[in-house]
Amino acid sequence: MAYSDKVVDHYNNPRNVGTLDKSSTEVGTGLVGAPECGDVMRLQIRVNPETQVIEEAKFKTFGCGSAIASSSLATEWIKGRTVEDAMAIKNTDIVKELSLPPVKIHCSVLAEDAIRAAIGDWKKKNGVAETAAAETSAH
Amino acid sequence: MLKVIDSAVPVACWSCSVAHNDATLFCPHCSKIQPPPGSDFFSVFGLTPRLNLDLPELEHEFHRLSRRLHPDRFARAGENEKQWSLADTALLNDAYRTLKEPIHRTEYLLKLHGAEIGEEHSGKDRKDPSRVPADLLEEVFELNMQLEEMRLERTTGEADPVLQASLEQAKRKFDGLLDEVDHDLRAQWQAWDEGDIAVRQSAQKTMVALLDRRRYLSNLVRDVTETLGV
């Protein structure tokens with residue numbers, strides 16, 4: 001099965017690979033895994049406390065090309081968005097952008113889970129209650 | 001959740017017209033070869049789905065059926081029978097390969113009973129999204145980071161002996177965890193084979209979780225082994 005050009009591009013030149021300081025209150029960390037294939041993905045965000053805008057996003061993924069591309073794309077998309085805006089990103093958007101085949105859809109789900117987990121961690125650190133909307137839209 | 005498998009759909013033999021169980025490769029009445037049955041792999045061997053199998057017996061039956069199905073025996077047979085000998089052989093091979101290997105057998109049986117296993121199941125389709133073994137994730141991630149560092153050091157030719165030792169230790173640990181999972185799986189086999197519906201359902205759930213855990217562990221052991229070259 002051939003990967004789409006966009007997947008190959010993200011795989012060869014992943015954006016925003018790296019680590020943010022986990023202990024910082026401005027940083028939210030999401031660590032998620034896909035039991036289907038054993039992939040693990042860590043996505044971190046640094047949120048501006050004044051504006052709630054995600055100013056920095058970093059990821060580190062151990063997995064297949066689609067998982068790396070999905071998380072790379074996810075960091076690109078959430079950068080510059082507010083936390084609430086970032087919650088609106090759906091795995092189906094990632095599937096469409098990267099033309100993922102059905103067997104690789106779980107990679108995009110993993111990326112969506114990672115965004116939510118990172119935001120959830122940041123909210124927990126900063127005492128922000130999960131909004132009802134976010135709760136119901138999560139799966 | 002527990003799907004009932006009805007492998008005993010009666011089908012009339014194409015040759016003698018006597019009805020037989022759909023799963024059989026040869027008509028029990030006239031011994032003529034039958035088209036590939038649409039039933040599960042277990043019934044190809046005349047077994048009801050179960051996890052503890054007598055492997056020497058399975059192998060014996062595999063060889064016996066393989067000989068009976070061999071295309072050479074159908075050289076003078078009709079076109080249909082020739083085709084069926086090939087198709088039945090392919091089915092028999094798939095069935096044997098799947099059933100003789102313990103993890104494949106377990107996954108296959110769980111899938112037969114409706115478990116969502118394998119890459120075709122995206123997280124969204126999963127009925128139970130909380131399947132990820134959270135306690136393992138952190139460790140898996142850290143070890144992957146170490147592995148990457150090790151590979152990087154290798155390319156510049158100066159592998160750190162401390163890192164090497166720590167990876168070797170990690171490998172022993174994960175080998176041990178893998179053994180534990182396999183041991184736990186076998187205990188569930190027994191429960192599934194001998195239990196009533198409630199016991200089976202609980203065993204199925206436990207096995208799906210164990211297999212998830214196992215996938216992480218076996219990937220890790222594979223990667224560590226590759227990197228260490230041991």
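## Charged and aromatic side-chain contacts

E84(A) and K123(A) form a salt bridge through their side chains, with 3.3 Å from N to O. E84(A) belongs to helix α3 (residues 83–86) of chain A and K123(A) to helix α5 (residues 105–125) of chain A, so this contact ties together parts that are 39 residues apart in sequence. Please keep in mind that this is a predicted model. Across all chains, the structure holds 19 salt bridges and five aromatic pairs. Here is a tour of some of them, starting with the charged contacts and moving on to the rings.

**Salt bridges in chain A**

- The two partners of the opening pair differ in their surroundings: K123(A) is buried, because its relative accessible area is 1% and the cut-off for buried is under 20%.
- E84(A), in contrast, has a relative accessible area of 39% and is partly exposed.
- R15(A) and D9(A) also meet in a salt bridge, with their side chains 2.8 Å apart from N to O.
- Within that pair, R15(A) is partly exposed at a relative accessible area of 21%, and D9(A) is partly exposed as well, at 34%.
- Chain A also contains a network of salt bridges, which links E26(A), R46(A), E55(A) and E56(A).

**A salt bridge in chain B, and a ring beside it**

- In chain B, the side chains of E139(B) and K173(B) come together in a salt bridge at 2.0 Å, N to O.
- This pair links distant parts of the chain, as E139(B) lies in helix α5 (residues 134–155) of chain B and K173(B) in helix α6 (residues 161–194) of chain B, 34 residues apart.
- Both partners count as partly exposed: E139(B) has 30% relative accessibility, and K173(B) has 40%.
- K173(B) has a ring contact too, since its charged end sits over the ring of F174(B), 5.6 Å from the ring centre.

**Aromatic pairs in chain B**

- As a general point, two numbers describe a pair of aromatic rings: the distance of the centres and the angle of the planes.
- Of the five aromatic pairs over all chains, one is F42(B) with Y108(B), a tilted pair with 6.0 Å centre to centre and 35 degrees between the planes.
- F42(B) is in helix α1 (residues 41–44) of chain B and Y108(B) in helix α4 (residues 102–112) of chain B, so that distant parts of the chain, 66 residues apart, are linked by the pair.
- Each of these two rings belongs to a buried residue, with F42(B) at a relative accessible area of 0% and Y108(B) at 17%.
- The rings of F62(B) and Y96(B) form a stacked pair, because their centres are 4.0 Å apart and their planes lie at 5 degrees.
- F62(B) comes from helix α2 (residues 55–69) of chain B and Y96(B) from helix α3 (residues 79–100) of chain B, so the stacked rings tie together parts that are 34 residues apart in sequence.
- Relative accessible area is 12% for F62(B), which is buried, and Y96(B) also counts as buried, at 12% relative accessibility.

**A ring cluster and another charge over a ring**

- F42(B) and Y108(B) appear again in a cluster, where ring pairs link them with F41(B).
- Elsewhere in chain B, R68(B) lies over the face of F26(B), 3.9 Å from the ring centre.

Notes
Residues numbered from 1 in each chain as written. Chains lettered and ligands numbered in written order. Predicted model: local features only at pLDDT ≥ 70, side-chain atom pairs only at ≥ 80, totals over all residues. Heavy atoms only, no water. Salt bridge = Lys/Arg side-chain N within 4 Å of Asp/Glu carboxyl O. Buried < 20%, exposed > 50% of the residue type's maximum accessible area, 1.4 Å probe, protein only. Helix = DSSP H or I, 4+ residues; strand = E, 2+ residues; numbered from the N terminus. Phe/Tyr/Trp six-rings, centres within 6.5 Å; stacked < 30°, edge-to-face > 60°. Lys NZ or Arg CZ within 6 Å of the ring centre and 35° of its normal.
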